[in-house]
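Welcome! Here are some short exercises for getting to know a structure step by step. Have a look at it before you begin.

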Amino acid sequence: MAEIGEDLDKSDVSSLIFLMKDYMGRGKISKEKSFLDLVVELEKLNLVAPDQLDLLEKCLKNIHRIDLKTKIQKYKQSVQGAGTSYRNVLQAAIQKSLKDPSNNFREEPVKKSIQESEAFLPQSIPEERYKMKSKPLGICLIIDCIGNETELLRDTFTSLGYEVQKFLHLSMHGISQILGQFACMPEHRDYDSFVCVLVSRGGSQSVYGVDQTHSGLPLHHIRRMFMGDSCPYLAGKPKMFFIQNYVVSEGQLEDSSLLEVDGPAMKNVEFKAQKRGLCTVHREADFFWSLCTADMSLLEQSHSSPSLYLQCLSQKLRQER
């Protein structure tokens, strides 16, 4: 193209630009541009390519530059000849490789562009994990209102690096008070997690402790005590609850419909949370809540042995540590 451009004077280039306006649109290129500038614009519009020169050949003929048209025709013939020669060589090589497999093509490493190189490929995103490095890892609160269920778990969580604190045979109000106290403990600020194991009689969604009542401490109230806005020292940290609840049938309960569910401890937690202000972590984040309910009759049948749920939990924790 550079050779053809050298053979064109300004009037020839102006004539070509005028003819090309029908294909390029008005105002696409000014008359002051060179022939090579014109070719670049035509390439951008996919009107000219090494194997697509018919338009240029036609316009050169229209401005009576048959000599340059002939040059383009010779160039096209040379390109076609080279393509035919390449195809013939390739076909011969394929036939030879089929006859003699030992002459198969040797694989060469494919050169990648900068964008395709491994440095620019998306790297695997590291899995997010909780920081579990504090010593101890946190407090493990065990509330056992049955009396023979949690010795195994106390040993398990001690071996895992937790400070275990255990309370036995609490009433419903006693459970609420202990949970409220532990939710407000400033020691959580220095620890990386919290564990609560609760074993009690109860309803389908509440615990009674040692009480025999129609109403109990709702499980969602226990959860609410440790949410981010109520327990800011544990915000963003894992809070694990393992609850074994032996469900009591309604016929075995005393009538205590006047019993207040939200005791003083619960109200105290909510009041302190309001004074601390808003928490940046979602209040319900970072909970692991495992609840196993069983009929009270199972406890009566095997009062001296711990629940299968707690046995499996202890075994699994020891295996995965």
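The exercises below go from the whole chain down to single residues, and please keep in mind that this is a predicted model.

**Exercise 1. The whole chain**

Task: Find how many helices and strands the chain has, and what share of its residues counts as buried.

Solution:
- Start with the secondary structure: it comes to 11 helices and 7 strands.
- Next, take the burial of residues: 36% of the 321 residues count as buried.
- Then turn to the surface, where the chain exposes about 19800 Å², 53% of it supplied by carbon and sulfur atoms.
- Finally, consider contacts between residues at least 6 apart in sequence: 75% of these join residues at least 24 apart.

**Exercise 2. Helix α7**

Task: Check whether the span of α7 agrees with its number of residues, then work out why α7 can be called largely enclosed.

Solution:
- Helix α7 covers residues 172–183, which is 12 residues.
- At 1.5 Å a residue, the expected span is 16 Å; the end C-alpha atoms lie 17 Å apart, which agrees.
- Now look for residues with under 20% relative accessible area, the cut-off for buried. In α7 these are M172, G174, I175, S176, I178, L179, G180, F182 and A183.
- That is 9 of the 12 residues, so α7 is largely enclosed by the rest of the structure.

**Exercise 3. Two helix pairs**

Task: Describe how α6 packs with α11, and how α2 and α3 cross.

Solution:
- A useful reminder: two packed helices are described by the angle between their axes and the distance between the axes.
- For α6 (residues 151–159) and α11 (residues 308–320), the angle is about 20° and the axes are 10 Å apart. That makes α6 roughly parallel to α11, since angles under 35 degrees count as roughly parallel.
- Their crossing is left-handed. The residues that meet include L152, L153 and F157 in α6, and L310, L313 and L317 in α11.
- For α2 (residues 10–24) and α3 (residues 35–44), the axes come within 10 Å and cross at roughly 15°. These two helices are therefore also roughly parallel to each other.
- The crossing of α2 and α3 is left-handed. Here V13, L16, I17, M20 and M24 in α2 meet F35, L38, E41 and L42 in α3.

**Exercise 4. A proline in a loop**

Task: Locate P238, decide whether P238 is buried or exposed, and list its contacts beyond its neighbours in sequence.

Solution:
- P238 sits in the loop between α8 (219–225) and β6 (239–247).
- Its relative accessible area is 9%. Under 20% means buried, so P238 is buried.
- Leaving aside neighbours within four places in sequence, P238 is in contact with Y130, M132, D192, S193, F194 and D286.
- P238 and F288 are 50 residues apart in sequence, while their C-alpha atoms are 7.2 Å apart in space.

**Exercise 5. Backbone details**

Task: Find the cis peptide bond from K135 to P136, then compare the surroundings of H64 and H169.

Solution:
- The bond from K135 to P136 is cis, with omega near -5°. P136 lies in the loop between α5 (66–99) and β1 (138–144).
- H64 is in the loop between α4 (54–62) and α5. Its phi is near 65°, a positive value in a residue other than glycine.
- At 68% relative accessibility, H64 counts as exposed.
- H169 is in the loop between β2 (163–168) and α7. Phi of H169 is near 50°, a positive value in a residue other than glycine.
- With 45% relative accessibility, H169 counts as partly exposed.

How values were computed. Residues numbered from 1 in each chain as written. Predicted model: local features only at pLDDT ≥ 70, side-chain atom pairs only at ≥ 80, totals over all residues. Heavy atoms only, no water. Helix = DSSP H or I, 4+ residues; strand = E, 2+ residues; numbered from the N terminus. Expected span 1.5 Å × (residues − 1). Buried < 20%, exposed > 50% of the residue type's maximum accessible area, 1.4 Å probe, protein only. Contact = heavy atoms within 4.5 Å. Areas by Shrake-Rupley, 256 points an atom, 1.4 Å probe, with all protein chains shown as cover. Axes fitted to C-alpha atoms, helices over the stretch in contact; angles between N-to-C directions. Parallel < 35°, antiparallel > 145°, perpendicular 65-115°, else oblique. Left-handed = near helix turned anticlockwise from the far one by under 90°.
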